[in-house]
Amino acid sequence: MGYQWKVRRAIMAGTQKKMADNLPSEFDVIVIGTGLPESIIAAACSRSGQRVLHVDSRSYYGGNWASFSFSGLLSWLKEHQENTDIVNECPAWQEKILENEEAIALSRTDKTIQHVEVFCYASQDLHEDVEEAGALQKNHASVTSVNCTEAADSACLPIEDESLRTTSCEILAEQTPSSDPERALEVNDVQVTGEKENHCDDNTCVPSTAEKETSENVPVAEDTAEQPKKNRITYSQIIKEGRRFNIDLVSKLLYSRGLLIDLLIKSNVSRYAEFKNITRILAFREGRVKQVPCSRADVFNSKQLTMVEKRMLMKFLTFCMEYEEHPDEYKAYEEIKFSEYLKTQKLTPNLQYFVLHSMAMTSETGSSTIDGLKATKNFLQCLGRYGNTPFLFPLYGQGELPQCFCRMCAVFGGIYCLRHSVQCLVVDKESGKCKAIIDQYGQRIISKHFLVEDSYLSENTCSHVQYRQISRAVLITDRSVLKTDSDQQISILTVPAEEPGTFAVRVIELCSSTMTCMKGSYLVHLTCTSSKTAREDLEPVVQKLFTPYTETEIENEEIEKPRLLWGLYFNMRDSSDVSRNSYNDLPSNVYVCSGPDCALGNDNAVKQAEALFQQICPNEDFCPPPPNPEDIILDGDNLQPEASESSALPEANSETPKESSNLKNPEEPSK
């Protein structure tokens, strides 16, 4: 398999070289990296008429915003362990630098991921054949831990690298609703079980990060005599069902009135994705997981609160919605923490806990009174727009969002090259501005503006930069942290910090109807700001919420905690607060995009993208809606470039599940 894979890569490299030779030699904007901010900027620039080249040395879209199938994640782990790039370096690019030029070399290795540890707890029958490529083999023992080296060495890369080089365009064609501008967001509230065919338009197809199948939740027919016991999921099953997983590197949700939702609606990019409501907000108190009442109906239907508590909570939440109109009630508390301010209100300790950790989503020492009131108001304003909670989650994972904007860029003429490394930026000594890049094949490509994702900058450029870190864990479990009648719950839970110097841990639990895990399992993401390694930061919370799977527990039906089947810990670089002045000697027309931050929402990425776009195109609208077909002017037999949006987009798949509900912008009247 290894030999065949190397041969295939050699063939692919030859094909890419031919494609690179056909690239234009001049663009208006060159974007290096396909994370969410870079993809938004590329889409905005292309929409405004700029000639855009969007390249990434990786073999998948999204960078640290990507999503992977299970085997794709194991391949990603192997790549990071080997720390080798999948590109051919131009041996003498330095010779192409002229006397009046200097070069800023870019990094050829990704150093944003550290302290990777993989643990497998699920049992595996030695007689079962593991069919899914990328299998992480495991010794026949009830509990086995696998460190990063072992995990990478035993993860075989697929022959066709299916998880990383998929050329289907589910998000671009199959998941695309009708182009009717009144349909703003498609929010799917029912589990999707329909199957779809694979087809896409070659002119607008952007490769998907992970292989997606809308038949994900259709059980595989098996011999009932050989079927495992109830709730028993083996590692072999996870491997075989690996394509039904879409595992995010960064765990986030979309506020229903957040900047990203507004941008998706405004630009009509929302047509390329589907979303589900987060069904419940949870809290962890006194060693137990409880559901937090959010809406007015939830408050009055809650059995956890007394009638007096319900009135207290409704009165306080009403004040939070209008707090700016009553400054006298909080002015005296502006200098203290929000947690202290809550103690001065007529709220029981139970209500204070709910408001602090599950609505404002902050900690005892994390926010001032003003920031806490603002966060609570934002939470309440987002309620009811698309559901009973303020949050949405994109089907198939967060990795869909960068691809949606990449498609918009491609529709308006942007050119995409994956596995395409940039060796250096070429700077003109006289003007001090960047004038070109030199790619892995030694080709010089000229441009006016250059956007570079932070991870591509070399150590010399970043020698004075101080980065924060994000601690991440990804778990596969056999049931929810809070069992209810429905097994299709999507939950968010905040576990407060217990020790000084540590941070609250955000837990997002996804069910199979989000198209991110196999039926009968849950995908759990844990995130916090790092104080130590990811495992040291997050393992105490994992131990509180879950129990490792062991053979002896299979018979015990009374076990309270969900069983932990598989886990991954890693630290990710957070460059969101790095000032441009921290980088060494960057030309004025080179702009830096940061990677993911630790916040729950995506506002930082959107703000960053809009700010950089305004520097490049100061007089242009940021991601305006596409033109109506009636407004397109015909020039002879050819359409103007704007026409490509309506003519190139595939029609909505006729097999889109009938249960899906198309939601337009609630603020827009029906036409």
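**View 1. Val29 of strand β1 stands opposite Val52 of strand β2.** In this predicted model, the two strands, β1 with residues 29-32 and β2 with residues 52-56, pair in the parallel sense over four bridges. Between them the chain passes through helix α2, which spans residues 36-47, and the β-α-β crossover made in this way from β1 to β2 is right-handed. Within β1, the side chains of Val29 and Val31 point one way while those of Ile30 and Ile32 point the other way, and all of these residues are buried.

**View 2. Strand β1 also pairs with strand β18.** This pairing, which joins β1 to residues 449-453, is again described as parallel and runs over four bridges. Ile30 is the residue of β1 to look for here, since a reader will find Ile30 standing opposite Phe450 in β18.

**View 3. Strand β18 is covered on both of its faces.** Five of the five residues in this strand are buried. On one side lie His449, Leu451 and Glu453, and on the other side lie Phe450 and Val452, with every one of these residues buried.

**View 4. Strand β18 meets strand β25 in a parallel pairing.** The partner strand covers residues 590-593, and four bridges link β25 with β18. Two opposed positions can be followed in this close-up: Val452 has Val592 as its bridge partner in β25, and Glu453 stands opposite Cys593 in β25.

**View 5. Five strands together form an open sheet with parallel pairing.** Read across the sheet, the strands follow the order β14-β2-β1-β18-β25. Because β14 (415-418) and β25 stand at the edges, each with a single partner strand, one side of each is left without a neighbour in the sheet. On average, and with direction ignored, neighbouring strands of this sheet are turned by 15° against each other.

**View 6. Phe119 and Tyr121 form a stacked aromatic pair.** The count of aromatic pairs in the model comes to 16, and in the one shown here, between Phe119 and Tyr121, the ring centres lie 6.4 Å apart with 15° between the planes. Both Phe119 and Tyr121 are buried.

**View 7. Four aromatic residues gather in one cluster.** The members of this aromatic cluster are Tyr60, Phe68, Trp76 and Phe570.

**View 8. Arg573 lies over the face of Tyr467.** The distance from Arg573 to the centre of the Tyr467 ring is 4.1 Å.

**View 9. Cys120 and Cys382 are two buried cysteines.** The relative accessible area of Cys120 is 1%, and Cys382 has a relative accessibility of 0%, so each of them falls under the 20% limit for a buried residue. A disulfide is a covalent bond between the sulfur atoms of two cysteines. With a pair of cysteine sulfur atoms required to lie within 2.5 Å, the count of disulfides in this model comes to zero.

Notes:
Residues are numbered from 1 along each chain as its sequence is written. This is a predicted model: local features need pLDDT of at least 70, side-chain atom pairs count only at pLDDT 80 or more; totals for chains, interfaces and linings use all residues. Side-chain values use heavy atoms; hydrogens and water are left out. Buried means under 20% relative accessible area, exposed over 50%, partly exposed in between (1.4 Å probe, protein chains only). Two strands pair if DSSP finds at least two bridges between them. A crossover is right-handed if, with the strands pointing away from the viewer, the path from the first strand over the helix to the second runs clockwise. Rings of Phe, Tyr and Trp (its six-membered ring) pair if their centres lie within 6.5 Å; planes under 30 degrees apart count as stacked, over 60 as edge-to-face and the rest as tilted. A charge sits over a ring if NZ of Lys or CZ of Arg is within 6 Å of the ring centre and within 35 degrees of the ring normal. Axes are lines fitted to C-alpha atoms, for helices over the stretch in contact, and angles run from 0 to 180 degrees between N-to-C directions.
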